[in-house]
Amino acid sequence: MVRFLLRRFVGYLVLVLIATCLGYLLAASSLDPRSNFEGRNPPPPPESVDRVLSDLNINDKTPVLERFATWMGGVVRGDFGRTIGGEPVLDEMGRRIGVSLRLLLLASILGGALGVLVGVVGAVKQYRFSDHATTLFSFVTLATPVFLLAVLLKLGALQLNRAAGTTILYYTGEATPGLQGSWWQLAVDRVQHLVLPTLAIVLAQAAFYSRYQRNAMLDVLGSDFLRTAQAKGLRRRQALLKHGLRTALIPMATFFAYQFGLLLTGATFVEKIFGWHGMGEWFVDAVNGNDVNVVAAVTVFAAALVLVAGMLADLAHAALDPRVRIR
Amino acid sequence: MTAGAGATAREPTTTDAAGPVLQVADLAVSFSTERGLLRAVRGMSYEVRSGEVLGIVGESGCGKSVSALAVMGLLPTSARVSGSVRFRDRELLGLDDPQLSAIRGKGISMVFQDPLSAFTPVYTVGAQIAEAVRVHTETSRDQAARRAAELLDLVGIPDATRRARAFPHEFSGGMRQRAMIAMAIANDPEVIIADEPTTALDVTIQAQVLDVLRTAQQATGAAIVMITHDLGVMAGVADRLIVMYAGRPAEVGSVDQVFHAPRMPYTLGLLGSLPRLDAAAGQPLTPVEGAPPSLVALPPGCPFAPRCPLQVGVCVEVEPGLDPTSASDHLAACHRSDEIEAGALGPADVFPVPPPVEPPIAAIPREERPVVLEVRELVKSFPLTRGALLRRRVGTIHALDGVSFDLREGETLALVGESGSGKTTTVNEILALAAPMAGSVVVLGRETSTLETSTRKETRRDLGMVFQDPSASLDPRMPVGDILAEGLRAHGVAKGQRRRRVGELLGLVGLDAGHVSRYPHEFSGGQQQRIAIARALALDPKVIVLDEPVSALDVSIRAGVVNLLQRLKAELGLAYLFVGHDLSLVRHVADRVAVMHLGRIVEIGAVERVFGDAAHPYTRALLSAVPLPDPRRERVRRRIVLEGELPSPLDPPSGCRFRTRCPLFVAVEPERRQRCVDEDPMGRPQGEDHLAACHHAELRNRG
């Protein structure tokens, strides 16, 4: 088992390597950091632009492979270069990952749990009112683009705040800047900021998972072992949870592991709209700002996440399904 | 080894003074379908007492399983159930889930058909049995686990404490069914409902499981309701029998009454269509023509009337009630049961028996007939991988290890053996028409390893193939005409000729030539298999490989298909390679038989020699495990129960591969045993056309 996972790991590592190379080359050859400087008024002298760009290893006058070699040399030592503003990429990335995690960890777990719950209810009550209702909910949510959902949530919060006469829910940033107070007040402030973006992600995720969970559960509902569980005296609800859901979760677990891994860089819209300075926002800003080193670094990070997600998925599957374990 | 101990004589059951434990009265189950109301069960009534075994027998879709699930309250909520189910003095119909779940598994428990799908794959077997204990009694986790191991030990699982920690997929089919029984008896139930408990199992394992069921009954004193389509099993197990047809009981009585004095034509038909191990070969079976009616729109009269040769006017107008015959406890639903009784009519009197067919070529001695298929020292091995997702090679399975036989024109050679013995691998190797790993396959004088692409195609013409399940082997999106013409087209037969040949083929297998544009699903199972046979015949092959050709079909349908195969063989001078596990059927259809065990042929010869005086202890055990559809003979049948299961083909025993299970090995003197351990036995002549690979075949009567 360990050997198998190791082999799998090496395979993923090769993929990460390839993705890294392609990511850097694409970013370096298609982005144009020079235009950032040339657009200034008055334009700085070309020599100083060249100096700055060379200093950051993003000068388009240097052959792209040479830049790549320099960059790679840094990466191997754990140095991802500097942003176009001159800060070390790694420092900023650490901050940004923290922001994204604070937003997404909770949201993913809640989204997954809610999705499973909704899916199970839909399956158990197939073709009854609650199934139709949850189906409608998930299709409407799936059909709503995240940015629209986020804007709608913002509007709802605005109404709520107005009705309450005070600000219950904030919709910009992670916390109120410069707020002083006890840890309790700070925590409440953070929660007030967290609710809306979390809700946006949870709804979208839950809608998505619930469809898969419903199908997985329906497969299990007709199975013989569920009948056996009832035949030995378990109540229907017990049998459904202990034997039905447990088995129906197997395909979901791998799915969930992958989704979570990829979400960390995929919450761009939510981060942008609610003003959370996380990874997703950073990536889009970097592309806009021709920040080659940042784009390359985020690509590496995303590739590494796929690796982690893949390993997680394998482990989760093996943990849940004894049939795939090797003894 | 318990040779002889397994004689199936049963003590007459003492009637429980407290009355029946389970009483079902006028049970009816229906489902709403798109086509209308499906009446799955109508007017089902029975009662069982402690220690009694009630058999419910019938074909698929006759309502036997549905009625059992109705008793347990396990039908889907869409089912409408009426009537009465009384357990002890309690009415079960109408109870809610918490009330019923207190009875399920404790008062009434159930053994299901397919124990692989009936166990939850993600929990260990022991945990699932322990769960059954803990649901009904306050028990600690440890105690329940110990009890689970005890129960597994009781049903004969060796090393039970360790095996309890195994997952269902790590058990063999027989072991899973034992574990299923262990789970059913965990709370000393008063009634055990067993739904086709041995259907998916090999005959030797079936015998073991039936024994376990008896042990379980003795341990709990429970009443058993046994559901099966296999009349042979019933004869040895049941006290009373209900024969069901189209959702209702057609005949009810003691096993002796039903088997020896059937009063309902359907029962007669079922009995007549069964091939029997103890009957002489060559006599055609009496088929019941037609198929069971749709339960959605039942005609007003007797549901069996359209298939019944005794049908008269009243039969199609009034449905007969289930009325007592001359014996008050023997009921039959037939307007003419009195006449059947008065005339003492048997199956052959009621159903038309086709004349016996004898191929003209049978007149020529076997040695003078040309060999159409020759297999010499065939070897095949597979890499064994573990895990569905995470694959890795853990060893090599020697699926075939030196298999040799020949098949001559106009004869049927049957390959028999337990699953895993290599029957299907042999067939696949022959049909591949490629060079085998070792050994040779010669089809009509052509060695397969030397075939070129064109000659291989030419050779394929001469090899027909019929598979087990016609609903899977016929493309559902192709009309029958195209299915039959496909092979013809592939071999360049002109269009006009093709059409003519398709009509001819349909006629040959007894189907209407006007049906060419219909799709497979519009035909019944028996008709589908006839289409598959017609397809195999399309290119006028000399040899047809029949892989379990009737085992997916219902009993009453089988006889017709078997008779058709026999007739075609005689008329067209075909040779059949017949793969089967039903030894009674093999006895009926085969001229010669090869018994396979762990990738070897252990005994081969003329069917009357091998079945009449089996020389290899394995063959003797196989034959003795076959239940006879005759309660009187069943009671005195001496069975050889093989302990354990087929050894792993990964690591076969040294010397004789059968010795670990061999009753003869145990019976002979220790000095003789050494030879079995050291020396791999070769086939030795046991008389004319009869070889057996056993060192001590002469001493066979000791086993």
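What follows is a walk through a predicted model of two chains, A and B.

Chain A comes first, and its make-up is quickly told. It has 13 helices and 0 strands, so to speak an α run from the N terminus on. Taken along the principal axes, the C-alpha atoms of chain A fill a box of roughly 85 × 60 × 40 Å. Of the 327 residues in chain A, 37% are buried. As for how the chain folds back on itself, take the contacts in chain A between residues at least 6 apart in sequence: 72% of these join residues at least 24 apart.

Chain A also meets chain B. Here 24 residues of chain A are in contact with 30 residues of chain B. On the chain A side, the elements that give two or more residues are helix H9 (224-231), helix H10 (236-266) and helix H13 (292-320). H9(A) gives the most, with 7 residues. Sorted by class, this side of chain A has 9 nonpolar, 7 polar and 8 charged residues.

Turning to chain B, an open sheet is built from 4 strands in the order S2-S1-S4-S5, with antiparallel pairing. Strand S2 (36-48) and strand S5 (90-91) of chain B stand at the edges; each has a single partner strand, so one side of each is left without a neighbour in the sheet. Further in, strand S1 (residues 22-33) and strand S4 (residues 79-87) of chain B run antiparallel and are joined by 8 bridges. One of the bridge pairs puts Val24(B) opposite Val85(B) in S4(B). Helix H1 (residues 64-72) of chain B packs on this sheet, where it touches S1, S2 and S4 of chain B. The direction of H1(B) makes about 110 degrees with that of S1(B).

Another part of chain B pairs its strands in the parallel sense. Strand S19 (residues 543-547) of chain B pairs this way with strand S18 (residues 463-466) of chain B, over 4 bridges, and also with strand S20 (residues 575-579) of chain B, over 5 bridges. On the S18(B) side, Leu463(B) has Val543(B) of S19(B) as its bridge partner. On the S20(B) side, Val545(B) is matched with Leu577(B). S19(B) is mostly covered, with 4 of its 5 residues buried. Together with helix H21 (residues 555-572) of chain B, S19(B) and S20(B) make a right-handed β-α-β unit.

At the level of domains, chain B is divided into domain 1 (116-186) and domain 2 (368-572). The C-alpha centres of these two domains of chain B lie 41 Å apart.

A single residue of chain B rounds off the picture. Met234(B) has its place in helix H9 (residues 231-237) of chain B. Met234(B) counts as buried because it has 25 C-beta neighbours inside 10 Å, where 20 or more are needed. Leaving aside residues up to four places away in sequence, Met234(B) touches Gly55(B), Val57(B), Thr228(B), Leu241(B) and Val255(B). Met234(B) and Ile56(B) are 178 residues apart in sequence, yet their C-alpha atoms are 8.5 Å apart in space.

How values were computed:
Residues are numbered from 1 along each chain as its sequence is written. Chains are lettered from A and ligands numbered from 1 in the order in which they are written. This is a predicted model: local features need pLDDT of at least 70, side-chain atom pairs count only at pLDDT 80 or more; totals for chains, interfaces and linings use all residues. Two residues are in contact if their C-beta atoms, placed from the backbone, lie within 7 Å. Ala, Val, Leu, Ile, Met, Phe, Trp, Tyr, Cys and Pro count as nonpolar, Asp, Glu, Lys and Arg as charged, and the others, Gly among them, as polar. Domain bounds come from an automatic or database domain assignment. A residue is buried if 20 or more other C-beta atoms lie within 10 Å of its own, exposed if 12 or fewer, and partly exposed in between; C-beta atoms are placed from the backbone. Two strands pair if DSSP finds at least two bridges between them. A crossover is right-handed if, with the strands pointing away from the viewer, the path from the first strand over the helix to the second runs clockwise. Axes are lines fitted to C-alpha atoms, for helices over the stretch in contact, and angles run from 0 to 180 degrees between N-to-C directions.
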